[in-house]
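Me: I've got a structure open and would like to talk it through. Can you help me go over it?

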Amino acid sequence: IFGGTAVVNDAQEIGKNGWGVEDAELDSFSKQFPGSQLRVDHSKSARDIIGKLHQGSYKDGGIKFVAELGDKALAEKVQNGYITHVSICANASKVVCSVCGKDTRPKRTCACEKSHELIRGLKLKELSLVAEPAFDSAKIVPMSFSAALNEALSEEDKVEEVKAESKPDKVENMSEKVEAKI
């Protein structure tokens, strides 16, 4: 299990693809994360589906996520910091100019200088582990089991880091909390 930031709404950060995402899009977009696929390099092959997203939430101007990674070799690369970025694959119902608001698809109809494209009406397809993300802020944060659990629990149900063999009563209590949430 790991977490991270999938996208940040930062006026300073325009993706390498020339796109930006407005704040109004991110909250509803984050609700599409749970249950979505985790892949490698936006591959369309079933062999490259390596996990799934458990959580997505709009916090601190960005989408934070928690994901399960079922590929042991890739999990080790994430844990060791060899793979550090993710990238979102989504369909947009509309793409507009950041200055004048005119549609830019299928053909750009404005001549605005110092503009970029804003994507709207996003529909999540998948999140991928990548070497080179469109947004540099799309980073992975490896998490311990209890840190990942705390991401999923409400504030009053947070747990402390425990070792199963040393405090079985605390581990059993955590299991009860998780089952109550599921």
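Me: How exposed is Arg 120, in relative accessible area?
Reply: This is a predicted model, and in it Arg 120 is partly exposed, with a relative accessible area of 26%.

Me: Which residue does Arg 120 form a salt bridge with?
Reply: Glu 22. The closest N and O atoms of the two are 2.6 Å apart. Glu 22 is partly exposed too, at 27% relative accessibility.

Me: And where do those two sit in the chain?
Reply: Arg 120 is in strand β7, while Glu 22 belongs to the loop between β2 and α1. They are 98 residues apart in sequence, so the salt bridge ties those parts together.

Me: OK, how many salt bridges does the structure hold?
Reply: Five. One of them joins Glu 117 and Arg 105, with 2.9 Å from N to O. Glu 117 lies in strand β7 and Arg 105 in the loop between β6 and β7, 12 residues apart.

Me: Is Glu 117 buried or exposed?
Reply: Buried, at 10% relative accessibility. The cut-off for buried is under 20%, so Glu 117 falls inside it. Arg 105, its partner in the salt bridge, is partly exposed at 42%.

Me: What about Asp 103, which residue does that one pair with?
Reply: Asp 103 forms a salt bridge with Lys 94, where the closest N and O atoms are 3.7 Å apart. Asp 103 has a relative accessible area of 36%, which makes it partly exposed. Lys 94 also counts as partly exposed, at 38%.

Me: Switching to pockets. How much space is in the second largest one?
Reply: About 280 Å³. Its lining takes in 19 residues. Those nearest the centre are Asn 17, Ile 88, Cys 89, Ile 119 and Phe 135.

Me: How does that lining divide into nonpolar, polar and charged?
Reply: The lining of the second largest pocket has 16 nonpolar residues, three polar ones and no charged ones.

Me: Which element gives the most to the lining?
Reply: β6, with five residues. The elements that each supply at least two lining residues are β1 (2-8), β2 (19-21), α1 (23-30), β6 (85-97) and β7 (117-130).

Me: You mentioned α1. Where is Phe 29 found, and is Phe 29 buried or exposed?
Reply: Phe 29 is in helix α1, and it counts as buried, at 3% relative accessibility.

Me: What does Phe 29 touch, leaving out residues up to four places away in sequence?
Reply: Ile 63, Ile 88, Ala 90, Leu 122, Lys 123 and Leu 124. Of those contacts, Ile 88 is also one of the residues nearest the centre of the second largest pocket.

Me: How far apart are the C-alpha atoms of Phe 29 and Lys 123?
Reply: They are separated by 7.1 Å, although the two residues are 94 apart along the chain.

Me: Let's zoom out. How many helices and strands are in the chain?
Reply: Four helices and eight strands. Going from the N terminus, the order is β-β-α-β-β-β-α-β-β-β-α-α.

Me: What share of contacts join residues at least 24 apart?
Reply: Counting contacts between residues at least 6 apart in sequence, 64% join residues at least 24 apart.

Me: And what percentage of the residues count as buried?
Reply: 37% of the 182 residues. The accessible surface of the chain comes to about 10700 Å², with 49% belonging to carbon and sulfur atoms.

Conventions. Residues are numbered from 1 along each chain as its sequence is written. This is a predicted model: local features need pLDDT of at least 70, side-chain atom pairs count only at pLDDT 80 or more; totals for chains, interfaces and linings use all residues. Side-chain values use heavy atoms; hydrogens and water are left out. On a 1 Å grid over the protein atoms alone, a cavity is a set of points where a 1.4 Å probe fits but cannot get out, and a pocket is an open set with protein on both sides within 12 Å along at least five of seven lines; lining residues have an atom within 4 Å of a point. Grid points are joined across faces, edges and corners, and a volume is the space filled by probe spheres set on the points. Ala, Val, Leu, Ile, Met, Phe, Trp, Tyr, Cys and Pro count as nonpolar, Asp, Glu, Lys and Arg as charged, and the others, Gly among them, as polar. Buried means under 20% relative accessible area, exposed over 50%, partly exposed in between (1.4 Å probe, protein chains only). Contact means heavy atoms within 4.5 Å. Accessible areas come from the Shrake-Rupley method with a 1.4 Å probe; for residues, only the protein chains shown count as cover. A salt bridge is a side-chain nitrogen of Lys or Arg within 4 Å of a carboxyl oxygen of Asp or Glu.
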